[in-house]
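Good morning, and thank you for the time. I would like to speak briefly about cysteine pairing in the chain now coming up on the screen.

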Amino acid sequence: MRSLVVCLLLAACVLECTARLQNITVKGVAVCNKKRLANVQVQLYEKDTLDPDDLLATKNTDAEGEFQVYGEEDETHTIAPYLLITHNCNPSKPNCVRIGKYLVPEDKIGGTYDMTYVTLDIKVHGEKEKCT
């Protein structure tokens, strides 16, 4: 039993030592019906397999619909960042918000992913809607 505990501790130390700090910056402009959309919530997450996804940053778009979020994470494997964008562009019912998930390409990790214009009136695959 003691040797099992020692082996588990050694394995945890090796994994911790191989972890490396990785980062991503994502920027863009939120657009609804060809108009820039202010006060849209943009959340940057990092997908995890065994535990809940890590929230790296939260920002709201400015008056011009522009956003820039930065996040970093220590991981042993390549991080898998994505954005959740919560907005009220063309919901199916009043008092509802739409939540779209946007994946960040792996080759942008360590740099900046410029999404340019994020057209929120177009529904993305797997999009959800929350109503109050």
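For this talk, a disulfide is a pair of cysteine sulfur atoms within 2.5 Å. Please bear in mind that the model is predicted. Applying that cut-off gives two disulfides. When the bonded cysteines are counted along the chain, the pattern of the disulfides is 1-2, 3-4.

Let me take the pairs in turn, beginning with Cys32 and Cys89. Their sulfur atoms are 2.1 Å apart. The torsion about this S-S bond is about 85°, and the disulfide is therefore right-handed. The bond links distant parts of the chain, with 57 residues separating the partners. Cys32 belongs to strand 1, residues 20-32, whereas Cys89 sits in the loop between strand 6 (81-87) and strand 7 (96-103). Are these two cysteines buried or exposed? Both Cys32 and Cys89 are buried.

I turn now to Cys96 and Cys131. Here the S to S distance is 1.9 Å. This link is right-handed too, with 100° about the S-S bond. Cys96 lies in strand 7 and Cys131 in strand 9, residues 128-131, so this disulfide ties together parts that are 35 residues apart in sequence.

How do the partners stand in relative accessibility? Cys96 has 4% relative accessibility and therefore counts as buried. Cys131, by contrast, has a relative accessible area of 43% and is partly exposed.

To close, the chain has two disulfides: Cys32 is joined to Cys89, and Cys96 to Cys131. Thank you for your attention.

How values were computed:
Residues numbered from 1 in each chain as written. Predicted model: local features only at pLDDT ≥ 70, side-chain atom pairs only at ≥ 80, totals over all residues. Heavy atoms only, no water. Helix = DSSP H or I, 4+ residues; strand = E, 2+ residues; numbered from the N terminus. Buried < 20%, exposed > 50% of the residue type's maximum accessible area, 1.4 Å probe, protein only.
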